[in-house]
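Me: Please take a close look at one strand in this structure, and then at the parts that go with it. I am new to the structure, so explain each term as it comes up.

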There are 2 protein chains.
Amino acid sequence: MALRGTNQEFGRPYNRRIVLETIRLEAPIARGDIASRVGLTVQTVSTIIRELEQNGFVTGSRDAPKGRGLPRTSLMLNPEGGFAIGLHVTPIGIGAALVNLAGDIVGSRYHAFAPVTPERSFAIFETLIAEMRALRPDARMLGIGVAMPGPNDVESMSFVGPTTLEGWKGVDVGGRLTATTGLPAFVGTEPSAAALGERLYGKGRDLNSFYYLYVGVGFGGAMVHGGSVLLGAHGNAGEIGHIPIVPDGDLCPCGNRGCLERYVSLEALDRRLKAVDPGAEVERALEDHPAIVDEWIAETAPVLRRAIATIENLFDPEGIVISGFASEALLRRLFAATEPLMHSVAERSGRTSPRLLLSTEGKDAVMRGSAALAISGVLSPRFGLLFAGEEERTDRDPIMTGPAKKEVAA
Amino acid sequence: MALRGTNQEFGRPYNRRIVLETIRLEAPIARGDIASRVGLTVQTVSTIIRELEQNGFVTGSRDAPKGRGLPRTSLMLNPEGGFAIGLHVTPIGIGAALVNLAGDIVGSRYHAFAPVTPERSFAIFETLIAEMRALRPDARMLGIGVAMPGPNDVESMSFVGPTTLEGWKGVDVGGRLTATTGLPAFVGTEPSAAALGERLYGKGRDLNSFYYLYVGVGFGGAMVHGGSVLLGAHGNAGEIGHIPIVPDGDLCPCGNRGCLERYVSLEALDRRLKAVDPGAEVERALEDHPAIVDEWIAETAPVLRRAIATIENLFDPEGIVISGFASEALLRRLFAATEPLMHSVAERSGRTSPRLLLSTEGKDAVMRGSAALAISGVLSPRFGLLFAGEEERTDRDPIMTGPAKKEVAA
DNA sequence: AATATATAAATCCATTTGACTGAATAAATC
DNA sequence: GATTTATTCAGTCAAATGGATTTATATATT
């Protein structure tokens, strides 16, 4: 855990992040409001804002006067203040996107190929990264984020079975990318990256804590608490696809029986489709084989409901966000099938917010999310950590370094 | 979440806590070692230690010389530096204990009565608290911690059924205790309090993250991560007793079917015993009805195993600690019945530590733990928070106030 | 219409807190 | 006496604070 003390040089960057994060979440907002919100004085916030403006992270605009007094200057993130490249590695290809500070996808590319071996992938990484960089050649590039299927380094289920990648065990993806590009690189699992994206730019903006469900080829999840994604001791928290949900159920490649992923996942649907029509594709399942989808939904709904009750009782989140690589139409079907929800601690007396939310971010979520892995280095409030349990980054504070830097009050 | 900025006056208490926590975990330890560990200079640590010594939290002793140079002064927590009263409310009585900074139970008392209504309980609280205070009349009393069965404020399952308390809905336990005693009072659920005790004084000292399972009348749990107990959005995280583990299983008072607690809990064993012998008692189950216990263990083992795999895949902890109100012998039986463990992300390639640990702290865990709720106000490293998600305590820093205070460099 | 006052937002400046750097001191061994 | 190690003393510096000041607008008064 390595508890660290604080000192003045540590405190300033921390306050910078707090202020920047507040602007991100509450924009447009004025200096005074930030001050009262974060518990600093207006003067302090003012000097921090000056730094942030000079470095291009924040822009301000004089409001229209209403009431007496000097009209406030509303501050907001400068979307062009920084960019990150998000990479999404799947068993059937690699996606890349250039994402700005506001989470907008400036441009993206997808390269389909198989098998996705490390050597071929690294070559494609380089091409994709160069392409993305070319979209904003002179901008401040904050880093690269890579989302990969989990879990990491687990004997029985790493990179085995249809939902995982083969041949990647022990490959230092982050290290190699940093070496070839000179940019800081961060690697995360698909669901944790997507959850981070959701927390920064999606439904998670309004939720202090939420559980994120990611229906992909497999089925993943991530708990977001206090702004951080909980990764667990070894980054494998959220392997919800492998919770044993049906006693003595289907055999799973992980060695257990009745894993959630065997029922609720695109791979599970695909298996059903292929059994009837070997040429069927999950993407077109609703159009081509609606009856099979109906059957699948009906049979998996109780399984999904039990999974949801399990999450609610174990994590007590403010809400559960359902999202994923699946098509929006299919997600909506799954979402609707969760009703009626089971009883759980989520049934609070004064509850107003919904227990379940559907994220329509769709497939962009992962790419945005993986870029967010890098962007979080700038935007994270807690000493640079958006992932609880992650090693503390000892790099210099990225906010005040980088190409876009103009001279700060020398 | 309310992000807060930091400043020097905020930084000093934080550093004090970091130093104190380091001493607690690593004692005996010298100033220099603390400095390099927490990243502060020796001088800064020195001044902090001086304060802590003057306030009686820490004592130092000159080591025996070995090698040349001035022998180091080893520092350790002064167990008598502070005390807290732990209260444990159960459906059949109330326990109280006086606990010192080192987590030692200085004295304890149990008052059996039923039904445990709020009015009778508050009267008994007062007697017990007075008794505990009398054990160290002049010592610094840090506060009162109360452990109660969960969950809080949930429509369908609050205070209903054999494992819960009735008539306590909406009762402000902490507020009333503070009002009558003048001491800060903290209320937590049984498992979260016990988990905190385990983290401060038990197996949790060596684990950065662990899941804590508490076999009580019901079945509870708590995730400890980075030194904090994760409470969830409303303090109800860890209602593991109500995860639906058997599809279409036994009906539970919560309204669902097949809840874990219906199988693995003292209440479940009790039901089995009473069905055969209405006068049977769980405490004497192993002696009086070994066959029934065998049968219960055999039938619940697969259920427990699935629960363990679920926890491992959802939280990825370093380990799972099994503990509880149950007798040590019974816990050992349950513990042994978890083998063979199912596959999960816990099966890491280089794994050396056990996946499951048995805590022999026994029934003291809860009382120590509830006292720890109050003690954590002093020992918590993160700005006074040992519970992630808890409201920030705006009280003055308890370390430097209180009866034992001698004049600090006026 | 012209002027004065009230209010709100943001900035300037002296003060204070607290951690840091470097020198000094104390207690041991060589 | 020289060297080594642990700890303390003295001065420096970064950064947040409180109070006064400046700027821009609205409203009241003459």
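Reply: The account starts with one strand, then turns to a related strand in the other chain, the interface between the chains, and some backbone details.

Residues are numbered from 1 along each chain as its sequence is written, with chains lettered from A and ligands numbered from 1 in the order in which they are written. The model is predicted: local features need pLDDT of at least 70, side-chain atom pairs count only at pLDDT 80 or more, and totals for chains, interfaces and linings use all residues, while side-chain values use heavy atoms, with hydrogens and water left out.

The strand is β6 of chain A, residues 141–148. Helices (H or I, at least four residues) and strands (E, at least two) are DSSP runs, numbered from the N terminus. In β6(A), 8 of 8 residues are buried. Buried means under 20% relative accessible area, exposed over 50%, and partly exposed in between (1.4 Å probe, protein chains only).

β6(A) pairs with two strands of chain A, β3 and β7. Two strands pair if DSSP finds at least two bridges between them. β3(A), residues 83–90, runs parallel to β6(A) and is joined to it by 6 bridges. One of the bridge partners in β6(A) is Gly145(A), which is matched with Gly86(A). β7(A), residues 185–189, is also parallel to β6(A), over 5 bridges. Here Ile144(A) stands opposite Ala185(A). In a regular strand, side chains alternate between the two faces of the sheet.

In chain B, strand β7 likewise covers residues 185–189 and includes Ala185(B). Ala185(B) is buried, at 17% relative accessible area. Leaving aside neighbours within four places in sequence, Ala185(B) is in contact (heavy atoms within 4.5 Å) with Ile144(B), Gly174(B), Leu177(B) and Thr178(B). Val146(B) is 39 residues from Ala185(B) in sequence, and their C-alpha atoms are 7.5 Å apart.

The two chains also touch each other: 68 residues of chain B contact 68 residues of chain A. About 5,800 Å² is buried between them, 59% of it from carbon and sulfur atoms; buried area is the accessible area (1.4 Å probe) that two parts lose on being put together, summed over both. On the chain B side, the elements giving two or more residues are α1 (8–26), α2 (31–38), β8 (209–215) and α9 (290–315). The count of salt bridges between the chains (a side-chain nitrogen of Lys or Arg within 4 Å of a carboxyl oxygen of Asp or Glu) is 0.

Some backbone details lie in loops. Most residues other than glycine have a negative phi, and most peptide bonds are trans. Asp248(A) has a positive phi of about 55° and is found between β10 (228–230) and α7 (266–276) of chain A. Asp248(A) is exposed, with a relative accessible area of 71%. Asp316(B), with phi near 45°, lies between α9 and β11 (319–324) of chain B. At 2% relative accessibility, Asp316(B) is buried. The peptide bond from Ala114(B) to Pro115(B) is cis, with omega near -5°, and Pro115(B) is in the loop between β5 (105–112) and α4 (118–135) of chain B.
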